[in-house]
Amino acid sequence: MNASVRPEATFSFELYPPRTPASATALYESLTHLVATDPQFISVTYGANGSSRDRSLEVLRHILNNTAVQPMAHLTCVGSSYAEASQLIREFLDAGITSFLALRGDPPKGAHEGDNFLGDLGSAAELVQLIHRVQVEREPFSFHDVPGFPGAKRLRSGEKVTIAVAAFPNGHPRSRSVEQDLDTLLAKEAAGANLAITQLFFYADQYLSFVEKARAAGVTMRILPGIMPVTTPRRLARILELTDEPTPVDLERSLAAADTEEQQAAVGIEHARSLAQELLDAGESGLHLYTFNQHEAPLAVLRGVGLLDQHTKQKEHA
Ligand code: FAD
């Protein structure tokens, strides 16, 4: 059944910073379970306009200092001056973060087209460039051991950072056309992005046809599919409101028809599992799971497609 899963298939998770002491306790509990599966990285969201700056950094520092998993910091630039954005990037680099998801962020509620809500950086592509610039200014060179020559050091240009960006298989809600979305993604790669992570989507074809178009347009970086197990009708409604994604009618009906919370969770997990399986069967090399700061549903999806067992076996044989 899972024979077609690529041996190198990876998985990663997204968390958001907790707002209350109780949700922080729940998050760190879930984090322990997520970390135990040895994901490729764990990303932590960032409130546009810096609303979660300290809380995001706290979770990132926790991952960095207490686990072997790479933390990835989401950063947004909407409403920032160059100086503020540079200072923010420096602060995260100083904390030891070397992996970023560079985002423009959404305009504040009530802002209109033509309002000057963007700040100095008009797009995520400009933030990608700025992260590279700040990193190079901060550490133009680093010294590395020369194998076979004890004590000898080789000078190399500064540590490379991973800079991921967002991609939208069903189009960004404000985009005028598929071409505009593809041009935006190309611009982000040209600016120095080396990974794309997609907005959630509910059907494999939506992602696969987007990737085909992106490749045809010249995008070469890895495009990781973002998958969200949606386990209640209320959460589905909220997610659709926030993302403007087209309604997955079959999932919506099945969630509404389920009698208990357990049955609803099983419906949401099965939908995400089957989507993940289709992507892996189509040759995708990784999955990025939106967790809602919970571990049961995302881990059930990974277990369902055989990725957790496969990972454990690979580690045992390493
Ligand atoms: P850009 O790459 O600059 O633009 C994205 C798209 O918007 C393009 O298609 C572009 O053509 C179109 N566009 C932009 N401006 C206009 C305009 N004025 N008119 C018409 N079209 C326009 N948000 C947060 O605040 N914090 C997070 O942590 C966060 N994490 C995210 C993670 C992922 C994986 C994704 C997919 C999204 C995330 N977002 C987050 C949401 C994101 O900030 C918004 O979708 C934002 O509107 C666009 O950000 P971007 O980086 O894609 O912008």
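Okay, let's start right at the ligand: one of its oxygen atoms sits 2.9 Å from an N or O atom in the side chain of His 74. Before I go on, a reminder that what we're looking at is a predicted model.

So, staying with the ligand. Asp 181 also comes in with its side chain, where an N or O atom is 2.7 Å from a ligand oxygen. With Tyr 46 it's the backbone that takes part: a polar backbone atom there lies 2.6 Å from a nitrogen atom of the ligand. How much of the ligand does the protein bury? On its own the ligand exposes 990 Å², and the protein buries 87% of that.

Who's around it, then? The shell has 26 residues, and the closest are Tyr 46, Arg 104, Asp 106, Gln 180 and Asp 181. Sorted by class, you get nine nonpolar, 11 polar and six charged residues in that shell. If you'd like to find it by secondary structure, look at strand E3 (70-76), strand E4 (99-103), helix H5 (178-190) and strand E8 (195-198), each of which supplies at least two shell residues. Which element gives the most to the shell? That's H5, with four residues.

Let me zoom out for a second. The chain has 11 helices and 11 strands. Its radius of gyration is 20 Å, close to the 20 Å that the globule rule gives for 318 residues, so the chain is as compact as a globular protein of that length. Along the principal axes, the C-alpha atoms fill a box of roughly 65 × 55 × 45 Å.

Now for the empty space. Rolling a probe the size of a water molecule over the atoms shows where such space is left. I'll take the second largest pocket, which holds about 190 Å³. Two helices give two or more residues each to its lining, H9 (261-281) and H10 (296-304). H9 gives the most, with four. Lining residues you can click on include Thr 231, Arg 235, Glu 261, Gln 264, Gln 294 and Ala 297. The class count for this pocket's lining is three nonpolar, four polar and three charged.

And how many cavities of 30 Å³ or more turn up in the whole structure? The search finds two.

The largest cavity has a volume of about 50 Å³. Keep Thr 231, Arg 235, Gln 294 and Ala 297 on screen, since you've just had them up for the pocket and they're in the lining of this cavity too. Among the other residues lining the largest cavity are Pro 229, Tyr 290, Phe 292 and Pro 298. Here the lining divides into five nonpolar, three polar and one charged.

The second largest cavity comes to about 40 Å³. H9 is back again, giving the largest share of this lining with four residues. The residues around this cavity include Phe 201, Phe 202, Ile 227, Met 228, Leu 251, His 271 and Leu 275. Which classes make up the lining here? Eight residues are nonpolar, two are polar and none are charged.

So if you open the model later, I'd go to two places. One is the ligand, with His 74, Asp 181 and Tyr 46 making those contacts. The other is H9, which gives four residues to the lining of the second largest pocket and four to that of the second largest cavity. That's it from me.

Definitions and conventions
Residues numbered from 1 in each chain as written. Predicted model: local features only at pLDDT ≥ 70, side-chain atom pairs only at ≥ 80, totals over all residues. Heavy atoms only, no water. 1 Å grid on protein atoms, 1.4 Å probe; cavity = no way out; pocket = protein on both sides within 12 Å on 5 of 7 lines; lining within 4 Å. Points joined across faces, edges and corners; volume = space filled by probe spheres on them. Nonpolar A, V, L, I, M, F, W, Y, C, P; charged D, E, K, R; others polar. Near = heavy atom within 4 Å. Polar contact = N/O pair within 3.5 Å; in protein donor to acceptor, adjacent residues only side chain to side chain. Areas by Shrake-Rupley, 256 points an atom, 1.4 Å probe, with all protein chains shown as cover. Rg over C-alpha atoms; globule rule 2.2 N^0.38 Å.
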